[in-house]
Protein chains: 2
Amino acid sequence: MSSQPRIAIDAMGGDEGVRVMMAGVALARHRHDGLRFTLFGDETRIKAALDNHPNLRAASDVVHADTVVDGADKPSVAIRKKSSSMSMAIAAVKSGQAGAAVSAGNTGALMAMAKLALRTMPGIDRPALAALLPTLGDNDVVMLDLGANTECDARNLVQFAVMGAAYARIAFDLERPRVRLLNIGTEDLKGTDEIRDAAAILRAAHALPMSFDGFIEGDKISRGDTDVIVCDGFSGNVALKTIEGTARFVTDVLRKAFTSSIRSKIGFLISKPAMHLLKHHLDPNNHNGAVFLGLNGVVVKSHGSADAKGIANAVHVAARLLEEDITRRIAADMAAVQALTASSKLEQPVK
Amino acid sequence: MSSQPRIAIDAMGGDEGVRVMMAGVALARHRHDGLRFTLFGDETRIKAALDNHPNLRAASDVVHADTVVDGADKPSVAIRKKSSSMSMAIAAVKSGQAGAAVSAGNTGALMAMAKLALRTMPGIDRPALAALLPTLGDNDVVMLDLGANTECDARNLVQFAVMGAAYARIAFDLERPRVRLLNIGTEDLKGTDEIRDAAAILRAAHALPMSFDGFIEGDKISRGDTDVIVCDGFSGNVALKTIEGTARFVTDVLRKAFTSSIRSKIGFLISKPAMHLLKHHLDPNNHNGAVFLGLNGVVVKSHGSADAKGIANAVHVAARLLEEDITRRIAADMAAVQALTASSKLEQPVK
């Protein structure tokens with residue numbers, strides 16, 4: 001990697017187009033002075049968009065990409081589009097030109113490309129998709145895996161815990177993040193064999209820079225007393241989407257309620273700051289940027305529909321993980337896990 | 001079973017005590033004129049509570065039970081308490097004295113007792129826990145399994161679909177409920193082998209009284225365009241609890257917002273009817289009563305903390321399922337499934 005940290009941007013992936021993408025990157029640029037960018041995509045459109053953002057233009061190289069990965073492309077099709085903006089952004093991380101890549105394109109395609117090009121880090125069997133979710137506490141919570149791995153064994157879950165804790169240490173500036181495994185009860189005998197085995201390993205791993213606090217149930221995800229929640233990709237995806245759906249459900253009920261009578265309408269107008277705060281808490285743009293952890297390089301997925309602020313958040317996530325060298329931290333922690341458990345069941349793939 | 005439908009009530013299970021339990025049953029009694037009850041528990045306390053409810057007293061027999069299943073009792077301990085109010089209520093269903101049992105006690109104990117005493121119906125391998133969840137649509141949605149089975153194969157999921165559809169036909173008065181499998185995407189190749197195999201079987205089962213509509217993701221659970229959502233007990237429990245937690249999160253954020261400024265406080269007072277409607281939508285008492293489906297008899301679990309209205313709801317659920325003979329309906333549908341798939345993989349346990 002060059003001396004200055006550099007992020008590769010897939011300029012074409014977002015639903016809102018190149019201009020919004022560039023506006024988002026320009027916003028992020030203000031928070032990260034030393035960052036440089038390589039912008040992949042339609043050169044003409046990128047350069048036109050940069051006219052509004054001289055600050056970003058000064059920190060960027062533009063590289064033309066002939067094609068685009070479509071939202072409907074199957075991963076198997078997408079990975080063959082070598083001259084797509086997404087593919088080229090990932091390739092820049094692979095070659096070491098950039099330390100991180102950000103894309104708002106097709107998630108399955110991005111995951112497949114990133115895995116194929118960057119490979120998993122030593123000690124990590126499978127990458128995981130992690131994101132920050134809002135809580136009532138002082139900081140967000142890191143949750144992973146959110147859908148990269150439908151089924152996971154104990155070994156995968158332990159690795160996710162290590163990766164999530166490394167993320168939480170950077171994102172929340174904590175020394176020993178509190179880590180829990182998602183389960184359907186908090187008693188030791190609850191859940192699957194995989195979850196119980198992972199808990200046994202994590203309970204014994206005192207030397208790791210985390211505090212393993214046992215199990216957590218779905219109703220406590222947003223409570224703010226846990227920094228990292230670890231789960232398989234199926235239940236993580238169900239939980240993530242259920243949070244989104246329920247938040248929308250509650251606000252829809254409220255909206256209906258507020259428009260059901262004149263009295264409520266007046267109340268609503270007067271309470272607008274309150275609704276604004278709620279919107280702020282629930283706005284996915286404020287939590288935009290899911291990270292593929294466990295690869296040789298940082299890859300961040302922005303929501304396709306993110307606005308400039310959302311994209312800036314995704315770039316910020318990539319910048320922080322790059323600046324704080326999350327890959328090296330995870331490698332060091334995995335070495336510690338392996339030393340600790342050299343003779344334990346973590347060494348053999350747990351059934 | 002005697003000619004008049006009868007429900008066995010575990011009078012001791014609720015956190016709020018015998019009085020609240022009796023108040024709830026009395027409320028339900030008003031909606032179901034022909035119902036009779038057998039009330040199991042501390043005879044003195046039950047009879048004292050009945051003094052306030054002559055209407056219920058007239059329709060009830062009281063049977064003294066010496067002991068109580070404790071919230072902390074492990075299922076293995078609880079099932080040995082043969083003279084507990086919970087055990088005796090289940091035994092009344094087993095002997096045919098009652099057609100259904102309702103308890104607000106220890107869920108694990110109730111499930112273990114019900115399975116042991118009542119056994120699964122012919123054609124059903126495992127019972128499932130089902131509940132009604134609120135939606136933005138015209139009716140609630142039946143969701144199952146909510147935690148009785150941590151891991152499920154395709155055969156289990158198909159059986160849950162049949163049982164859930166039978167419940168939805170009764171609860172929503174529908175001929176062909178719309179059924180979906182919970183998954184992490186809607187494309188055919190998403191999810192686990194078990195889910196895809198179950199989908200293949202359900203897609204082929206045209207003769208069943210349901211319309212199988214494919215997959216549903218977590219963010220659509222509350223949308224109201226599906227009548228039955230089928231899943232394994234792990235992801236169902238995660239989804240159910242995540243809904244609870246998120247609803248609480250959103251209302252907590254709102255409460256904070258509404259008390260953060262005088263302007264908001266005034267707005268809140270004026271908007272009280274709106275908040276009331278929200279509370280009504282989210283109040284677990286309005287959706288109280290989870291059913292163990294697939295047993296030879298109806299068993300309904302009330303939330304431990306349910307108030308009288310919540311208990312009345314749970315009793316109402318039991319009464320409806322008993323009056324509409326859900327057990328017979330499920331048996332008929334399972335026979336249809338077995339005839340349809342006599343030569344298919346549903347016959348052999350799917351891996």
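Buried residues make up 58% of the 351 residues in chain A. The model is predicted. Its mean pLDDT for chain A is 89, and 89% of the residues reach 70 or more. One stretch needs caution: over residues 345–351 of chain A, pLDDT stays under 50. The model still has 18 contacts beyond four places in sequence for that stretch.

**Overall fold**

Chain A holds 13 helices and 11 strands. Take the contacts between residues at least 6 apart in sequence: 72% of them join residues at least 24 apart.

The sheet is open and has 11 strands. Reading across chain A, the order is S3-S2-S1-S4-S11-S10-S5-S6-S9-S7-S8. Pairing is mixed. Strand S3 (60–64) and strand S8 (211–216) of chain A are the edge strands, and each pairs on one side only. On average, neighbouring strands of this sheet are turned by 25° against each other, direction ignored.

Helix H1 (residues 18–31) of chain A packs on the sheet. H1 touches strand S1 (6–10) and strand S2 (36–41) of chain A. The direction of H1 makes about 165° with that of S1(A).

**Strand S4 and its partners**

In the strand order, S4 of chain A sits between S1 and S11. S4 covers residues 100–103, and 4 bridges join it to strand S11 (residues 298–301) of chain A. These two strands run parallel. On the other side, 3 bridges join S1(A) to S4(A), which also run parallel. The table gives residue pairs from both sides.

| Residue in S4(A) | Opposite residue | Partner strand |
|---|---|---|
| A:Ala101 | A:Ala8 | S1(A) |
| A:Val102 | A:Val300 | S11(A) |
| A:Ser103 | A:Lys301 | S11(A) |

In a regular strand the side chains alternate between the two faces of the sheet. In S4(A), A:Ala100 and A:Val102 point one way, while A:Ala101 and A:Ser103 point the other way. All four are buried.

**Helix H5, an enclosed helix**

Which residues of H5(A) are buried? They are A:Ser85, A:Met86, A:Ser87, A:Ala89, A:Ile90, A:Ala92 and A:Val93. Helix H5 spans residues 85–94 of chain A, and 7 of its 10 residues are buried, so it is largely enclosed by the rest of the structure.

What do these buried residues pack against? Their partners in chain A are S1, S2, S4, helix H6 (107–118) and S11. Just after H5(A) comes A:Gly96, with a positive phi of about 90°.

**The H7 and H8 pair**

Two packed helices are described by the angle between their axes and the distance between the axes. Helix H7 (residues 154–172) and helix H8 (residues 193–204) of chain A pack at an angle of about 50°. Their axes lie 8 Å apart. H7(A) and H8(A) are therefore oblique to each other. Their crossing is right-handed.

Which residues meet at this contact? H7(A) contributes A:Ala154, A:Leu157, A:Val158 and A:Ala161. H8(A) contributes A:Glu194, A:Ile195, A:Asp197, A:Ala198, A:Ile201 and A:Leu202.

How values were computed
Residues are numbered from 1 along each chain as its sequence is written. Chains are lettered from A and ligands numbered from 1 in the order in which they are written. This is a predicted model: local features need pLDDT of at least 70, side-chain atom pairs count only at pLDDT 80 or more; totals for chains, interfaces and linings use all residues. Side-chain values use heavy atoms; hydrogens and water are left out. Two strands pair if DSSP finds at least two bridges between them. Axes are lines fitted to C-alpha atoms, for helices over the stretch in contact, and angles run from 0 to 180 degrees between N-to-C directions. Contact means heavy atoms within 4.5 Å. Buried means under 20% relative accessible area, exposed over 50%, partly exposed in between (1.4 Å probe, protein chains only). pLDDT is the predictor's confidence in each residue, from 0 to 100. Angles under 35 degrees count as roughly parallel, over 145 as roughly antiparallel, 65 to 115 as roughly perpendicular and the rest as oblique. A crossing is left-handed if the near helix is turned anticlockwise from the far one by less than a right angle, and right-handed if clockwise.
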